[in-house]
Amino acid sequence: MIVAERKKIPELVEILQGHKKILVLGCGTCVTVCLAGGEREVSIISSALRIASKTGGHDFEIDELTIERQCDNVFIEEAAETIEKYDVILSLGCGAGVQAVAERYAEKPVYAGLDTSFIGVLEERGVWTEKCAACGACVLHKYGGICPITRCAKHMLNGPCGGSREDRCEVRPDRPCGWQLIYQRLRGIGELDRLKKIEATKDWSPSLDGGCRMIVREDHRI
Amino acid sequence: MNDRPLEIYLFHCSNCLDTEALRRSFGEHERDKILKTISLPCSGKLELIYLLKAFESGADGVLLATCKRGECRYLEGNLRAQKRSGAIGALLEEIGLDKGRMKLVQQGEGGVQTVIDELDSLIETIRSPS
């Protein structure tokens, strides 16, 4: 899922300055699961903004709404009648959600209330970790299902770098060395021979470096 | 200075506080403060939004009373409440409200008096901001 964190209240106040009728719009999908932009967080951020408005002498009128999925026009459409009533939308969706709503309302400011962080998983209660960089050319099958692009701080396809201490990454000592994990995993599944092969330099053109990406499925376009 | 009475909200675990006894002892006849008590089945039921709504609806300060560490009937409710109290303190700082407006007290052997002492300390903090 996409993992995000809320922006700090002073930053949100600055973003919203000068606007009056504000709709805080939550999303019921990824950002709900990562406790950043679901119905509960919409209430918390709205309430915090109301207090900040009162103490800071702003004139915000803040209402709340959470839709099933902000990155899908079908669900945005369902909220259209409500959205029309507001001067500005503070979206608590991920970056994709914010842009989907903004594209739908060409004449209405739509601001991001979250910082979209990464594609990851819930590791344990309240802890999320990054697992995928969406590089566009998955190599997981070669590394026992552990991504060297995401899990190795140096994105090495031919690791390890030699800088790890015990099983810790030298760049982020609070994180395990990705290559240690790859080695253990390949040993566990009896595929250590994969490490004898030298991987060629990664082609980053399917990644963001090749420009904004698009997938077209003609078989679904009738 | 604003002469209106201070509004203090007390969120408490229903297993750890006799609110009737508290009301009798806590300056019942003083007109400069209003105490609103909100009883929870366990302090672990406390959500961040409860505390924010308290401030949004005019609370000057909030005190959260939980069971003593290791004495929660539901094992970890008071630990969760403590974490949430910390989170709300940080959020209040972001908003620009003085962090001292939110306090947590763990019920000890002092009983009701412990809470009264904390309420008095909270009121003092609010009235004389640093």
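## Second largest pocket

In this predicted model, α6 (95-104) and β6 of chain A each give at least two residues to the lining of the second largest pocket. The largest share, 5 residues, comes from α6(A).

The volume of the second largest pocket is about 620 Å³. Its lining has 22 residues. Nearest its centre lie Ile2(A), Ala96(A), Ala134(A), Leu208(A) and Arg213(A). By class, the lining splits into 13 nonpolar, 6 polar and 3 charged residues.

## Largest pocket

The largest pocket has a volume of about 1,300 Å³. Its lining draws on both chains: β1 (2-6), α3 (39-56) and β6 of chain A, plus α3 (77-95) of chain B, each supply at least two residues. The largest share comes from α3(B), with 9 residues.

In total, 29 residues line the largest pocket. Those nearest its centre are Leu35(A), Gly126(A) and Trp128(A), along with Leu48(B) and Ala87(B). The lining counts 15 nonpolar, 12 charged and 2 polar residues.

## The β6-β7 hairpin

β6(A) supplies at least two lining residues to the largest pocket and at least two to the second largest. This strand spans residues 114-124 and pairs with β7(A), residues 127-132. The pairing is antiparallel and runs over 5 bridges. In one of them, Leu122(A) of β6(A) partners Trp128(A) of β7(A). Trp128(A) is also among the residues nearest the centre of the largest pocket.

The two strands form a hairpin with 2 residues between them. Gly126(A) sits in the turn and has a positive phi of about 80°. Gly126(A), too, is one of the residues nearest the centre of the largest pocket.

Methods:
Residues numbered from 1 in each chain as written. Chains lettered and ligands numbered in written order. Predicted model: local features only at pLDDT ≥ 70, side-chain atom pairs only at ≥ 80, totals over all residues. Heavy atoms only, no water. Pairing = 2+ DSSP bridges. Helix = DSSP H or I, 4+ residues; strand = E, 2+ residues; numbered from the N terminus. 1 Å grid on protein atoms, 1.4 Å probe; cavity = no way out; pocket = protein on both sides within 12 Å on 5 of 7 lines; lining within 4 Å. Points joined across faces, edges and corners; volume = space filled by probe spheres on them. Nonpolar A, V, L, I, M, F, W, Y, C, P; charged D, E, K, R; others polar.
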